[in-house]
Amino acid sequence: MIRSKIAGIGMYIPDKLVTNNDLSKMMDTTDEWIQERTGIRERYYADRKAETTATMGMEAARVAIQRAGLTPQDIDFLIFATLSPDYYFPGCGVLVQRGLQMKEIGALDIRNQCSGFVYALSVADQYVKTGTYKNILVIGSEKHSFGLDFSTRGRNISVIFGDGAGAVVLQPTEKEDQGILSTHLHSDGESAELLAMYNPGTHANHWVDRELADFDEAENGQMFMSHAMIDKAQNFPFMDGPAVFKKAVVKFPEVIMEALTANGLVASDLRLLITHQANLRISQYVQHMMNLRDDQVHNNIQKYGNTTAASVPIALCEAWEEGKIKRGDLICLAVFGSGFTWGSALLRW
Ligand code: UT7
């Protein structure tokens, strides 16, 4: 039986350290509030000009490819997950294909926000299992700092996001005790507008009747982006934090249990659970619900903030670099975010 194994993993964190106190100089917030509500102490921001979501993804990919013992020319398919792409279109995948001078391989872009990496991993897994491709590069990368509202108006979102990238190379394995056992993907679009960036977009206010998205029909009705949209801060993400929080703490345990049950396993079998780093309070609640010890989870939101599609591969890479993961260990990756979308992947390292 062929499964996909992670043959190489890498991460990239930009240099610019931004503490909670740095943010409190720009908006009405405090280190105390941010740490108490989110667990975040600091995050890193990309260089405004020299770094993009694609270039950070390439940095992480270079490490993953090299650790897999390959060169970029050996990769035969790539998948890029982000919510902060370099361009509205084309996606970041082709920029990586160009930047790493890869062959004319397929480059797929995934738009599943915080769930993006597990969605991408799931797609890659199918290609590997069916023998379609042998060396698939999967990247999650975000440059949030370029699109945040750093005024007090945007503080509930701006304090949580950070920049960074993570990447893995998937390869086939026939070993019994290695590889992705299963992936589980879900969505519920009923709450799509509760965590979203409405513009630029083509909705012309079709879906969005929220008071916050008070559109100027005359100017906005036929445009991706207008001065009025910018004046009303509609070019920034919107989040109903408490509503997202409530759904996340239900869906995380549910989708982790789904993965374990599908494979006849239980939570105590896990060497490590890595949840999307959305909020330390969410991750700790999930740990408690799953009855896991501290050494069975890896959280790093304290250092990096919420890096959305990059958070799971960064946490996985960091845990591996710290020696927390050994060959054959059972690992569960679990994600939840905008859409709402959520999912899990259960694998043996
Ligand atoms: O990664 C994608 C998925 N995202 C998530 O999972 C995020 C889930 N949600 C959360 O993590 C939390 O809801 C937040 C961290 C975003 C917010 O924490 P909260 O405990 O839910 O706070 P809240 O939104 O209910 O706001 C409580 C108060 C409000 O003030 P009033 O109305 O009580 O006077 C906010 O205006 O905290 C205020 N507030 C802040 N105060 C200081 C909101 N953001 C800040 C801030 N600094 N940065």
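In this predicted model, Phe 340 is found in the loop that connects strand E12 (330–337) with strand E13 (341–348). The peptide bond that joins Gly 339 to Phe 340 is cis, with omega at about -15°. A cis peptide bond also joins Asn 199 and Pro 200, where omega is about 5°. Pro 200 belongs to the loop between strand E9 (195–196) and helix H7 (217–220). A further point of backbone geometry concerns Asn 291, which is not a glycine and yet has a positive phi of about 60°. Asn 291 sits in the loop between H10 and helix H11 (301–304). For context, most peptide bonds are trans, and most residues other than glycine have a negative phi.

Turning to the overall layout, the domain assignment of the chain gives domain 1 (3–173), domain 2 (179–192 + 239–298 + 307–348) and domain 3 (199–235). Taken over C-alpha atoms, the centres of domain 2 and domain 3 are 34 Å apart. Domain 1 and domain 2 each contribute at least three residues to the shell around the ligand.

What, then, does the shell around the ligand consist of, by residue class? Its residues divide into 10 nonpolar, 7 polar and 4 charged. Of the 21 residues around the ligand, those that come nearest are Thr 29, Arg 37, Cys 114, Asn 279 and Asn 306. In terms of secondary structure, at least two shell residues are supplied by each of helix H2 (31–38), helix H6 (155–158), helix H9 (241–262) and helix H10 (280–289). Which element provides the largest share of the shell? That is H9, with 4 residues.

Several polar atoms of the protein can be placed relative to the ligand. On the side-chain level, a polar atom of Arg 155 lies 3.0 Å from a ligand oxygen atom, and a polar side-chain atom of Trp 33 is found 3.3 Å from an oxygen atom of the ligand. The backbone takes part too: a backbone N or O atom of Gly 241 is 3.1 Å from a nitrogen atom of the ligand. How much of the ligand does the protein bury? Taken alone, the ligand exposes 950 Å², and the protein buries 73% of that. As for the site itself, the space taken by the ligand is the second largest pocket.

Terms used: Residues numbered from 1 in each chain as written. Predicted model: local features only at pLDDT ≥ 70, side-chain atom pairs only at ≥ 80, totals over all residues. Heavy atoms only, no water. Near = heavy atom within 4 Å. Polar contact = N/O pair within 3.5 Å; in protein donor to acceptor, adjacent residues only side chain to side chain. Areas by Shrake-Rupley, 256 points an atom, 1.4 Å probe, with all protein chains shown as cover. 1 Å grid on protein atoms, 1.4 Å probe; cavity = no way out; pocket = protein on both sides within 12 Å on 5 of 7 lines; lining within 4 Å. Sits in = over half its atoms within 2 Å of the grid points. Nonpolar A, V, L, I, M, F, W, Y, C, P; charged D, E, K, R; others polar. Domains from an automatic or database assignment.
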